[in-house]
2 protein chains.
Amino acid sequence: MGKRDEQDFRVDSETGESIHPDLISSVNADMPDEELLYDLAELYKVFGDSTRIKILYALFEAELCVGDIAELLNASPSAVSHQLRVLKTSKLVKFRREGKTVYYSLADDHVRTIIGMGMEHLCE
Amino acid sequence: MGKRDEQDFRVDSETGESIHPDLISSVNADMPDEELLYDLAELYKVFGDSTRIKILYALFEAELCVGDIAELLNASPSAVSHQLRVLKTSKLVKFRREGKTVYYSLADDHVRTIIGMGMEHLCE
DNA sequence: CTTTCATTTGAACATCTGTTCAAATATTAT
DNA sequence: ATAATATTTGAACAGATGTTCAAATGAAAG
């Protein structure tokens with residue numbers, strides 16, 4: 001985190017004016033809050049790892065426990081658990097415990113829709 | 001790139017069986033190709049940076065040149081250009097040259113839809 | 001052809017990320 | 001209690017990522 005407050009760039013050396021000042025103002029007016037855009041990027045960051053995408057895709061089909069997911073992805077239970085924590089934090093998956101076993105499933109249908117959109121963009 | 005071929009985990013020390021073998025097979029059968037899932041993650045990775053999200057959002061409103069975007073985001077033209085290259089590579093933006101100036105715009109409406117989905121997930 | 005402006009490029013650097021490994025926790029059975 | 005199994009956790013490490021800076025390119029004007 002933390003890469004704000006740089007400086008002012010692109011101020012014309014003579015006049016102090018930018019190329020399209022009006023356009024900039026009008027676009028700027030319609031930009032969502034810095035924080036919202038930051039959170040949005042954070043959300044997509046979660047989808048931006050193939051291990052996590054595989055986990056989500058696996059959960060499309062069924063509720064699964066950590067060990068099953070690990071075997072399915074050919075990954076270590078530890079690695080899977082670490083990533084499940086990320087997905088949990090982003091409220092993309094939910095879980096329930098049954099004895100020693102913890103079962104994970106998709107939190108809601110947004111995940112399907114978001115991934116579906118991505119697939120559409122890729123497959124055309 | 002490159003983190004395949006680890007080992008086999010989770011093979012029961014005695015029997016050599018996993019907890020839910022049938023489930024694993026059936027889920028595995030419906031999983032898309034490794035490569036497709038990888039590309040999907042790569043696509044989302046592009047959305048997973050606040051600078052790039054801001055650029056895309058700015059382009060929702062209008063076609064803009066590099067300098068304008070830089071001023072809008074309070075970032076250096078160089079940083080913006082680097083990120084525009086990433087967006088170009090992912091076919092999310094297109095550009096045209098007019099004299100010294102290069103104008104960028106959204107490649108298609110998928111970008112809007114994908115970002116819209118993310119916003120929906122956040123704002124509920 | 002030299003200058004100027006807009007953009008791009010490449011290398012360097014600091015930061016972030018995901019996996020591994022070992023150890024800890026949780027739950028059930030003996 | 002002790003053992004066994006499933007999962008979680010934390011530290012360490014390697015690799016990826018985004019910004020900066022300086023230098024290069026492209027295009028129009030003098």
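This is a short exchange about how some features of this predicted model get their labels.

Reader: What is the order of elements in chain A?
Author: From the N terminus on, they run α-α-α-β-α-α-β-β-α. That gives chain A 6 helices and 3 strands. Chain A has 124 residues, and 46% of them count as buried.

Reader: Why are helix 1 of chain A and helix 4 of chain B called oblique to each other?
Author: Look at the angle. Helix 1 (residues 21-29) of chain A and helix 4 (residues 66-73) of chain B pack at about 50°. Roughly parallel needs an angle under 35 degrees, and roughly perpendicular runs from 65 to 115. About 50° fits neither range, so the two helices are oblique. Their axes are 10 Å apart, and the crossing is right-handed.

Reader: Which residues make that contact?
Author: Helix 1 of chain A gives Ile24(A), Val27(A) and Asn28(A). Helix 4 of chain B gives Asp68(B), Glu71(B) and Leu72(B). By class, the contact has 3 nonpolar, 1 polar and 2 charged residues.

Reader: How many aromatic pairs does the structure hold?
Author: It holds 7 over all chains. One of them is formed by Tyr44(A) and Tyr44(B).

Reader: What makes the pair of Tyr44(A) and Tyr44(B) stacked?
Author: Two values decide. The ring centres are 6.1 Å apart, and a pair needs centres within 6.5 Å. The planes are 5° apart, and stacked means under 30 degrees. Both tests are passed, so the label is stacked.

Reader: How do you know that this pair joins two chains?
Author: Check where each ring sits. Tyr44(A) lies in helix 2 (residues 34-47) of chain A, and Tyr44(B) in helix 2 (residues 34-47) of chain B, so the pair joins two chains. Ring pairs also link Tyr44(A), Phe47(A), Tyr44(B) and Phe47(B) into a cluster.

Reader: Why is Tyr44(A) called buried?
Author: Its relative accessible area is 0%. Buried means under 20%, so Tyr44(A) is buried. Tyr44(B) is buried too, with 0%.

Reader: What makes the pair of Tyr57(B) and Phe60(B) tilted?
Author: Their planes are at 35°. Stacked would need under 30 degrees, and edge-to-face over 60. The angle of 35° meets neither, so the pair is tilted. The ring centres are 4.7 Å apart. Both residues lie in helix 3 (residues 50-61) of chain B, 3 residues apart, about one turn of the helix. Both are buried.

Reader: How do you know that Ser50(A) is buried?
Author: Ser50(A) has a relative accessible area of 8%. The cut-off is under 20%, so Ser50(A) counts as buried. This residue lies in helix 3 (residues 50-61) of chain A. Leaving out residues up to four places away in sequence, Ser50(A) touches Tyr38(B) and Ala41(B).

Reader: What makes the phi of Asn74(A) worth a remark?
Author: Most residues other than glycine have a negative phi. Asn74(A) is not a glycine, yet its phi is positive, about 60°. Lys91(A) also has a positive phi of about 60° and is not a glycine.

Reader: Why is Asn74(A) called partly exposed, and Lys91(A) exposed?
Author: Asn74(A) has a relative accessible area of 35%. That lies between the 20% and 50% cut-offs, so Asn74(A) is partly exposed. Lys91(A) has 61%. Exposed means over 50%, so Lys91(A) is exposed. Asn74(A) is in the loop between helix 4 and helix 5 of chain A. Lys91(A) is in the loop between helix 5 and strand 2 of chain A.

How values were computed. Residues numbered from 1 in each chain as written. Chains lettered and ligands numbered in written order. Predicted model: local features only at pLDDT ≥ 70, side-chain atom pairs only at ≥ 80, totals over all residues. Heavy atoms only, no water. Axes fitted to C-alpha atoms, helices over the stretch in contact; angles between N-to-C directions. Helix = DSSP H or I, 4+ residues; strand = E, 2+ residues; numbered from the N terminus. Parallel < 35°, antiparallel > 145°, perpendicular 65-115°, else oblique. Left-handed = near helix turned anticlockwise from the far one by under 90°. Contact = heavy atoms within 4.5 Å. Nonpolar A, V, L, I, M, F, W, Y, C, P; charged D, E, K, R; others polar. Phe/Tyr/Trp six-rings, centres within 6.5 Å; stacked < 30°, edge-to-face > 60°. Buried < 20%, exposed > 50% of the residue type's maximum accessible area, 1.4 Å probe, protein only.
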